[in-house]
Amino acid sequence: MNQFHQVQNDIVQQVRGLINREINGQSTSDLHRQATRDLESAVSAWHSSYCRLIKFQRDFIQSLHGWFKLTLVSVNTEPTNGNREFSDSFMFCDEWKLALDRIPDTVASEAIKSFINVVHSIYAKQTEELKIKKRTESASKELEKKASSVRSIERKYYNSYSMVGIGLPDVGPDNGNVLDARDPLAEKKAELAASQRRVEDEMVKHSKAVEVTRAMTLNNIQTGLPGVFQAMTSFSSLMTEALEAVCTRSYSIK
């Protein structure tokens with residue numbers, strides 16, 4: 001465990017300063033968000049496994065220690081030659097119990113929990129970005145629908161295919177045009193212009209959301225992940241030292 005976490009810590013320290021300098025960040029997709037959700041679930045499972053590891057080891061040695069106290073160790077007399085080996089075993093068990101009790105496991109636990117919150121905040125930001133993206137796509141579809149309607153009406157009433165916003169032909173007695181000088185599509189064109197502005201606004205919001213999500217993801221991962229592996233490396237190192245000391249003590253038992 002300690003060896004693996006040392007390797008992970010070394011790797012994460014090496015890539016800590018690396019930044020993707022691509023100007024235009026990739027927009028978040030549903031696959032990206034699902035991957036973030038899966039990462040959050042995996043880290044949560046990791047935290048649960050870590051807590052169970054500590055609890056089960058302590059519960060085991062606590063039960064063994066209690067069994068020794070109730071069964072093998074005389075509380076009223078000094079150890080005799082007959083039960084001295086049991087006394088040595090109890091002392092070994094007692095040192096084992098104390099070693100596990102003294103290991104500071106809270107720091108690593110809190111580091112993993114903190115990283116869970118980091119990943120969750122990234123997921124929330126990605127969800128917000130996707131909502132803006134969907135609003136932009138919806139507004140774009142509505143704009144295209146209105147533009148198509150205006151073009152259709154223009155073809156019908158003006159008998160020509162014109163781009164939206166083109167001016168009406170000159171009217172007057174000399175050219176024989178009997179159309180009303182007022183544009184009958186003025187209201188629809190105004191709606192179309194409003195839709196165009198809405199699309200532009202949503203596109204700007206989406207572009208900013210992509211930048212914010214990308215910057216937040218890079219920053220949170222680069223600052224949060226190293227702390228996790230540093231804490232796990234420190235914890236597993238202390239655990240290794242404690243258990244090695246206990247094992248050394250066991251060698252003296254005859």
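Val7, Ile11 and Val15 together make a nonpolar surface patch of about 250 Å². Please bear in mind that the model on the screen is predicted.

Let me take Ile11 from that patch. Ile11 lies in helix α1, which runs over residues 2-14. Its relative accessibility is 48%, so Ile11 counts as partly exposed; the exposed class begins over 50%.

I turn now to the helix itself. Helix α1 has 13 residues, and at 1.5 Å a residue these should span 18 Å. The C-alpha atoms at its two ends are 18 Å apart, in agreement with that expectation.

Which residues of α1 are buried? They are Asn2, His5, Asn9 and Val12. These residues cover an arc of only 90 degrees around the axis, and therefore they sit on the same side of α1. Gln3, Phe4 and Gln14, on the other side of α1, are exposed.

Finally, the cysteines. How many disulfides does a search of the whole structure find? The search returns zero. I would nevertheless like to show two cysteines with their surroundings in mind. Cys93 has a relative accessibility of 1% and therefore counts as buried, since the limit for that class is under 20%. Cys247, by contrast, stands at 38% relative accessibility, so this residue counts as partly exposed.

To recapitulate for the discussion: α1 has a buried side with Asn2, His5, Asn9 and Val12, exposed residues Gln3, Phe4 and Gln14 on the other side, and Ile11, partly exposed, as one of the residues that make the nonpolar patch.

Technical notes: Residues are numbered from 1 along each chain as its sequence is written. This is a predicted model: local features need pLDDT of at least 70, side-chain atom pairs count only at pLDDT 80 or more; totals for chains, interfaces and linings use all residues. Side-chain values use heavy atoms; hydrogens and water are left out. A disulfide is a pair of cysteine sulfur atoms within 2.5 Å. Buried means under 20% relative accessible area, exposed over 50%, partly exposed in between (1.4 Å probe, protein chains only). Patches are made of residues with over 30% relative accessible area and no salt bridge: like charges are joined within 9 Å, nonpolar side chains (Val, Leu, Ile, Met, Phe, Trp, Tyr) within 5 Å. Accessible areas come from the Shrake-Rupley method with a 1.4 Å probe; for residues, only the protein chains shown count as cover. A salt bridge is a side-chain nitrogen of Lys or Arg within 4 Å of a carboxyl oxygen of Asp or Glu. Helices (H or I, at least four residues) and strands (E, at least two) are DSSP runs, numbered from the N terminus. The expected span of a helix is 1.5 Å times one less than its number of residues. The arc is that of the directions from the helix axis to the C-beta atoms.
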